[in-house]
Amino acid sequence: MTSTDQSGTNAVPLTVLTGFLGAGKTTLLNRILSGDHGLRIAVLVNDFGSINIDAELVVGIDSDGDVINLANGCVCCNIREDLVTAVTQVMARPEQPEYILLEASGVADPSGIALTFMDEDMRDRIRLDSIMCIVDAEQIFAAPEMMELKLRQVAFADLLILNKVDLVAPEEIGRIKAWLDDRFHCYRLVQASRGNVPLEILLSVGRFDPLQLDAIFPIEESGHSPDCRDHNCGHRLHYRRHDHVQVFGTWSYETAEPLSLEAVGEVARKLPASIYRCKGFLHTVEEPSRRIILQVVGKRVDIVVGDEWNGREPQSRIVAIGAHDGMDEAALRQLFDRCHVEPPQVHAQPAASSRMVAVS
């Protein structure tokens, strides 16, 4: 693979926001969209699950198609064709965007995304401007079984944003930097809280070098295709081809019945360690006219009162993402079913319904 000089073309720059589940990608995306940059930006949001919660959390976007949802899969593997189709649709609009932002799912391997835009059919129209990896300073060492994926997300990025530094002590930041120093010879690191990063270092910077794909994926064997489907051939590229459905599981929950906010908070705090991420919108008894935003990352639970329903049907929609073999759907449904507000006569009975169901 060789680097292509696209400075003389009309290729639209594209930035990929990557990072593990709950790192703060949507927060950073909203920071960019609300900034004073004067650019006409198209947004693609990919979530690993049938309900794309992140797309609804994007602010400042009119409902005229500026946001394209890529749900129920991961853009680095099993819905890459959808990604190409979405970008093609964006480029065919009468008012062509001046910039494209792609928020990848938290389980995405950036190599597959990067190689998509290195394809001959894409690189004349799209210039991969940057791959930014958002790292959660509080949760970087959580879920050690996912550390290989986290390292790959960091390795392919040309800018690391160490987010949520306000949640950890300075000593922990030093520990994170030492950990990165031990694994990477050179990297750019910016510390941030709530995705607050200067726009000057986020947009139209042209940092991404396609040659770094070769540095991480040396293809010495002649004639080997990146689309090789022989998983016994031993080539390292097959990590990129791995279907995340075999590694991660996703579960969704929807109900129009109002939930108890206190009960949801209790369930969220006791989710098993195999659940890496839980998020959604809640319809609650306590705030019936407003959406409640639920964000669970590891052991951290954030519940925020959001906007009014504004004509939308009040309902709770929750998504959980975790280890494929750690998603006990029946037990999870039992947990959230118990958050329904019960009739008054039930409250007079012994509190047997308060017992939690263990999730393996």
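**Figure 1. Ala143 in its loop.** Ala143 counts as buried because its relative accessible area is 17%, below the cut-off of 20%. In this predicted model, Ala143 sits in the loop between β5 (126-136) and α6 (147-155). Its phi is near 50°, a positive value in a residue other than glycine. Most residues other than glycine have a negative phi.

**Figure 2. Arg194 in its loop.** The loop between β7 (189-191) and α8 (211-216) holds Arg194. Is Arg194 buried or exposed? With a relative accessible area of 62%, Arg194 is exposed, since the cut-off for that class is over 50%. Although Arg194 is not a glycine, its phi is positive, at about 55°.

**Figure 3. Cys186 and Cys278.** The view takes two cysteines in turn. Cys186 has a relative accessibility of 71% and therefore counts as exposed. Cys278 is buried, its relative accessible area being 1%. The number of disulfides in the structure is zero. Cys278 falls within the range of β9 (275-282).

**Figure 4. The largest pocket and its centre.** The volume of the largest pocket is about 780 Å³. Among the elements that give two or more residues to its lining are two helices, α1 (25-33) and α2 (53-56). The strands that do so are β9 (275-282), β10 (290-297) and β11 (300-308). Which residues of the lining lie nearest the centre of the pocket? They are Gly24, Thr27, Leu57, Arg277 and Gln295. Rolling a probe the size of a water molecule over the atoms shows where empty space is left.

**Figure 5. Residue classes in the pocket lining.** The largest pocket is lined by 34 residues. By class, 14 residues of this lining are charged, 11 are polar and nine are nonpolar. Of the residues nearest the centre, Arg277 belongs to the charged class and Leu57 to the nonpolar class. Gly24, also one of the residues nearest the centre, counts as polar.

**Figure 6. The chain around the close-ups.** The chain has 360 residues, 51% of them buried. Its secondary structure consists of 12 helices and 12 strands. Of the contacts between residues at least 6 apart in sequence, 76% join residues at least 24 apart. The accessible surface of the chain is about 17,100 Å². Carbon and sulfur atoms account for 48% of that surface.

Technical notes. Residues are numbered from 1 along each chain as its sequence is written. This is a predicted model: local features need pLDDT of at least 70, side-chain atom pairs count only at pLDDT 80 or more; totals for chains, interfaces and linings use all residues. Side-chain values use heavy atoms; hydrogens and water are left out. Helices (H or I, at least four residues) and strands (E, at least two) are DSSP runs, numbered from the N terminus. Buried means under 20% relative accessible area, exposed over 50%, partly exposed in between (1.4 Å probe, protein chains only). Contact means heavy atoms within 4.5 Å. Accessible areas come from the Shrake-Rupley method with a 1.4 Å probe; for residues, only the protein chains shown count as cover. On a 1 Å grid over the protein atoms alone, a cavity is a set of points where a 1.4 Å probe fits but cannot get out, and a pocket is an open set with protein on both sides within 12 Å along at least five of seven lines; lining residues have an atom within 4 Å of a point. Grid points are joined across faces, edges and corners, and a volume is the space filled by probe spheres set on the points. A disulfide is a pair of cysteine sulfur atoms within 2.5 Å.
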